[in-house]
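Work through the exercises below with the structure open. Try each task before reading its solution.

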Amino acid sequence: MPRTTFDPRVHGFAFGNTWALDEAEQQHLSNYFAASLTRRNSPGPVGGFLTSLGMRALRNPLESHLAPGYGLCGGMCFLALDFYKAGLPVPRGRDANDQPAPGTHLRHYIWKRQIDSIVSDGARFLAWLFFLNYVPPAWPFRGRTAWLLARSKEEWKTLKASVDVGAPVPIGLVRDAKNVYENHQVLAIGYDEADEAHGRIYLYDPNCPGQVSTISIEFGEQLLDGQETCGAIAPLRGFFCESYTFSDPVAAIIE
């Protein structure tokens, strides 16, 4: 069972992924994703597939489904990993309800790292949702669940290679949904591989603080089936390793 030394009970935050976003933060997220839909040169395989039909279909949930309590899972994973890589103790908080207050340095840096995580991989979330929901499965498109399955198999290799050298890796979880806000970000800290079709990912999941969460994955013929112990809104259909870059976390603990 290859594992890194990252322990969610030590290196993860004790508080959960429950936040109240102000209007400016909500608008910032909505604006970013909306702008990504209009970029014909969006990174990743989406390219010219972002037709007006697909853009309209993905835009509607963006404009109506961002709740004030939307999580900051990417920011929590990125910042916890920053502290881990810096060899510094993470300011964990006391319990699941001890989120840092608005205006504090820690709250600011969790938000900052959330934006970093979205900017680095937000277009990929949109691209994968687009292929999952709107690209025909027949040749030459080969969209829907089979498209996510093929790419997740490659990302599984990347994840294992990272863990094998002791490096935790943030991953984006793409669920069977049309709303980008129903996806999730977690930190992979280990894995098991029973055979070519079955495995398990060990996680720090900000939605379940203070414990090691897991995802059991099965690579089927036409889709990936992922079962999350931390619970999920919809079935997992794909995952990718995120474009994490270290950021010095010292300023996050200076008040």
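**Exercise 1.** Find how far apart R113 and D116 are in helix α5, and say what that separation amounts to in helical turns.

Solution. Start with the spacing: R113 and D116 are 3 residues apart in helix α5, so about one helical turn separates them. Next, check the side chains of this predicted model. R113 and D116 meet in a salt bridge, 2.9 Å from N to O. Now take burial. The cut-off for buried is under 20% relative accessible area. R113 has 3%, so R113 is buried. D116 has 27% and is therefore partly exposed.

**Exercise 2.** Which residues are linked with D116 in a network of salt bridges?

Solution. Look first at K112. The side chains of D116 and K112 form a salt bridge of 3.4 Å, N to O. Both residues lie in helix α5, which spans residues 105-134, and they are 4 residues apart, again about one turn. K112 is partly exposed at 30% relative accessibility. Then widen the view: the network joins D82, K112, R113 and D116. In total, the model has 14 salt bridges.

**Exercise 3.** Where do E155 and R124 lie, and what does their pair tie together?

Solution. Begin with the contact: E155 and R124 form a salt bridge, with the closest N and O atoms 3.6 Å apart. E155 belongs to helix α6 (residues 144-164) and R124 to helix α5, so the pair ties together parts 31 residues apart in sequence. Finish with burial: both E155 and R124 are buried.

**Exercise 4.** Classify the aromatic pair of F15 and W19 by the angle between the planes.

Solution. Count first: there are 14 aromatic pairs. In the pair of F15 and W19, the ring centres are 5.8 Å apart and the planes meet at 90°. Planes over 60 degrees apart count as edge-to-face, so this pair is edge-to-face. Then burial: F15 is buried at 1% relative accessibility, and W19 is buried at 6%. Elsewhere, ring pairs link F125, W128, F130, F131, Y134, W147 and F240 into a cluster. One charge to add: R3 lies over the face of Y202, 4.7 Å from the ring centre.

**Exercise 5.** Over which residues does pLDDT stay under 50?

Solution. Take the chain average first: pLDDT is 87, and 85% of the residues score at least 70. Then find the weak stretch: pLDDT stays under 50 over residues 40-47. The model has 14 contacts for this stretch beyond four places in sequence. Where pLDDT is low, the predicted coordinates should not be read in detail.

Notes:
Residues numbered from 1 in each chain as written. Predicted model: local features only at pLDDT ≥ 70, side-chain atom pairs only at ≥ 80, totals over all residues. Heavy atoms only, no water. Phe/Tyr/Trp six-rings, centres within 6.5 Å; stacked < 30°, edge-to-face > 60°. Buried < 20%, exposed > 50% of the residue type's maximum accessible area, 1.4 Å probe, protein only. Lys NZ or Arg CZ within 6 Å of the ring centre and 35° of its normal. pLDDT = per-residue confidence, 0-100. Contact = heavy atoms within 4.5 Å. Salt bridge = Lys/Arg side-chain N within 4 Å of Asp/Glu carboxyl O. Helix = DSSP H or I, 4+ residues; strand = E, 2+ residues; numbered from the N terminus.
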